[in-house]
Amino acid sequence: MNIEVKGMNEVLVMKVNQNCSFNDFLNDLNMLLDQPIFQQDGYYPRAYFDFGCRVLEDDELKSLIMLLNTKKKVIFDGISLPHQRPMLDIMHKQLHNGEELFIHQETLFLGSVNPGSYVYCYDNVYFLNSVRGTIIAMNEDVKIYGQNFQNAQIIINQQSLHNLTTSALTSVYYKDNQIRAMKEDGYEQNYCGYIR
């Protein structure tokens, strides 16, 4: 049997074996719904299907719903969706004078950006360590976040913010045809630290 059934909060959770084929699962479900416990008049338990990391194709989902509709033994209560990997990239790199880095997706940057280095950002970037180089937003929707800017240069939409220096959590963005730097309220400046 490729289905493990557990009762939770008046719902039958049907956990599907990750290694079985979808057709084997459907056959097992068909046999399971023919068991005496599901043959009681007026008894229609709610059933939730846990497929774990399995991604169901449209035709597979339709086959499941058709089987449940044909059998009329349980009330469909939903299915689990696979957990998707977060879209935030994590990068740990030290940039030195003359080095360039291109960031194409939302990124948490754990390294330092030293003077003379350039970071070209196509998406939002969160800097956790010192930024002393040049950050260039490649479109006006990019937001730049950091807590330790030291004479950094920020360029957005052909405008430049020179010598940005702050030890408070700051967001830098483009609005109303100008670059804005906003320090976050309530941030404890004395408790800044570096991640190595």
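Me: In what order do the strands of the open sheet of 5 strands run?
Reply: This is a predicted model. Its open sheet has 5 strands with mixed pairing. The edge strands are S6 (100-103) and S13 (159-166), each pairing on one side only. From one strand to the next, the twist averages 20°. The order is S6-S8-S10-S12-S13.

Me: Which residue is the bridge partner of isoleucine 156 in S13?
Reply: Strand S12 covers residues 149-156. S12 and S13 pair in the antiparallel sense, over 5 bridges. The partner in S13 is glutamine 159.

Me: Which residue in S8 is the bridge partner of leucine 101?
Reply: S6 and S8 run parallel and are joined by 4 bridges. Leu101 is on the covered face of S6, along with Ile103. Its bridge partner in S8 is valine 119.

Me: Which element gives the most residues to the largest nonpolar core?
Reply: That core holds 23 residues. Among those touching the most other members are Phe109, Val119 and Ile154. Elements giving two or more residues include S6, strand S8 (118-121) and strand S14 (170-175). With 4 residues, the top contributor is S12.

Me: How many residues are in the second, separate core?
Reply: This core includes Phe22, Leu26, Leu29 and Phe51. Its residue count is 20.

Me: Why does the pair of phenylalanine 49 and phenylalanine 76 count as stacked or tilted?
Reply: The whole structure has 10 aromatic pairs. In this one, the ring centres are 6.1 Å apart. Planes under 30 degrees apart count as stacked. The planes here are at 25°, so the pair is stacked.

Me: How many residues apart in sequence are the parts tied together by phenylalanine 49 and phenylalanine 76?
Reply: Phenylalanine 49 is buried, at 0% relative accessible area, while phenylalanine 76 is partly exposed, at 35%. Phenylalanine 49 lies in strand S3 (residues 46-50) and phenylalanine 76 in strand S4 (residues 75-79). The separation of the parts is 27 residues.

Me: At what angle are the ring planes of phenylalanine 102 and tyrosine 120?
Reply: Phenylalanine 102 lies in S6 and tyrosine 120 in S8, so the pair ties together parts 18 residues apart in sequence. The ring centres are 4.7 Å apart, and the pair is stacked. The angle of the planes is 15°.

Me: Is tyrosine 120 buried or exposed?
Reply: Its ring partner, phenylalanine 102, is partly exposed at 41% relative accessible area. Buried means under 20%. At 15%, tyrosine 120 is buried.

How values were computed
Residues are numbered from 1 along each chain as its sequence is written. This is a predicted model: local features need pLDDT of at least 70, side-chain atom pairs count only at pLDDT 80 or more; totals for chains, interfaces and linings use all residues. Side-chain values use heavy atoms; hydrogens and water are left out. Two strands pair if DSSP finds at least two bridges between them. Axes are lines fitted to C-alpha atoms, for helices over the stretch in contact, and angles run from 0 to 180 degrees between N-to-C directions. A nonpolar core is a set of buried Ala, Val, Leu, Ile, Met, Phe, Trp, Tyr and Cys residues joined through side-chain atoms within 4.5 Å. Buried means under 20% relative accessible area, exposed over 50%, partly exposed in between (1.4 Å probe, protein chains only). Rings of Phe, Tyr and Trp (its six-membered ring) pair if their centres lie within 6.5 Å; planes under 30 degrees apart count as stacked, over 60 as edge-to-face and the rest as tilted.
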